[in-house]
Amino acid sequence: MRILVAEDDYASRRLFLAFLAPLGPCEAVENGLDAVEAFEAALEANPKTVLFVTHNMEEALLLGDEIFVLSQPPARVCLHLSHPVPRGRRYPGHEGFPELERRIFRALDPGAEPDCGPGSP
């Protein structure tokens, strides 16, 4: 197992690395773009299935081949998207992202479906 730590605070980054080092090789980056590049390089070198959990929509759009939007607890899948832009052609601000973002925001709208959005039970 390889571990990637993305943290802009030096002290926190060192703490994460010290804590996680016994679990496997660790790499640290300071910003999100470096994290995306390191993640993609690792996947290219050693293709694996990865479950990547994020609250950051841009990260999901850059890294996810399949994107799942979950409801409030108890979590249910509100939306499942197969990414239409092939890996390697995605970049921040890609012209295809606004439509995907609209679909994700619609799924998060409390009125979209009974089990989706911030107002769900």
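The dialogue below walks through two pockets and a hairpin in this predicted model.

Colleague: Before we turn to particular residues, how is empty space found in a structure like this one, and what volume does the largest pocket have?

Modeller: The general idea is that rolling a probe the size of a water molecule over the atoms shows where empty space is left. In this predicted model, the largest pocket comes out with a volume of about 890 Å³. Its lining is made by 25 residues, and those closest to the pocket centre are F52, V53, T54, A60 and F68.

Colleague: Which elements supply at least two residues of that lining, and which of them gives the most?

Modeller: At least two lining residues come from each of α2 (32-45), α3 (57-63), β3 (66-70) and α4 (97-108), and the element that gives the most is β3, with 5 residues. If you sort the lining of the largest pocket by residue character, you find 16 nonpolar, 5 polar and 4 charged residues.

Colleague: What should I look for in the second largest pocket, and which residues lie nearest its centre?

Modeller: The second largest pocket holds about 580 Å³ of space, and of the 19 residues that line this pocket, R2, I3, L4, V5 and F39 lie nearest its centre. Two or more of its lining residues are given by each of β1 (3-6), α1 (10-20), β2 (26-29) and α2. The lining of the second largest pocket divides into 14 nonpolar, 2 polar and 3 charged residues.

Colleague: Let us move to the strands; in what sense do β3 and β4 pair, and over how many bridges?

Modeller: As a general guide to reading strands, in a regular strand the side chains alternate between the two faces of the sheet. Here β3 and strand β4 (residues 77-82) pair in the antiparallel sense, over 5 bridges, and V69 stands opposite L79 in β4. The two strands, β3 and β4, form a hairpin, with 6 residues between them.

Colleague: Where is S71 found, and is S71 buried or exposed?

Modeller: S71 is found in the loop between β3 and β4. The idea is to compare the relative accessible area with a cut-off, and a residue counts as buried under 20%; S71 is therefore buried, because its relative accessible area is 9%.

Colleague: What lies 3.5 Å from a polar atom of the side chain of S71, and how are S71 and L17 placed with respect to one another?

Modeller: The backbone oxygen of P74 lies 3.5 Å from a polar atom of the S71 side chain. As for L17, that residue and S71 are 54 residues apart along the chain, and their C-alpha atoms are separated by 32 Å.

Technical notes
Residues numbered from 1 in each chain as written. Predicted model: local features only at pLDDT ≥ 70, side-chain atom pairs only at ≥ 80, totals over all residues. Heavy atoms only, no water. 1 Å grid on protein atoms, 1.4 Å probe; cavity = no way out; pocket = protein on both sides within 12 Å on 5 of 7 lines; lining within 4 Å. Points joined across faces, edges and corners; volume = space filled by probe spheres on them. Helix = DSSP H or I, 4+ residues; strand = E, 2+ residues; numbered from the N terminus. Nonpolar A, V, L, I, M, F, W, Y, C, P; charged D, E, K, R; others polar. Pairing = 2+ DSSP bridges. Buried < 20%, exposed > 50% of the residue type's maximum accessible area, 1.4 Å probe, protein only. Polar contact = N/O pair within 3.5 Å; in protein donor to acceptor, adjacent residues only side chain to side chain.
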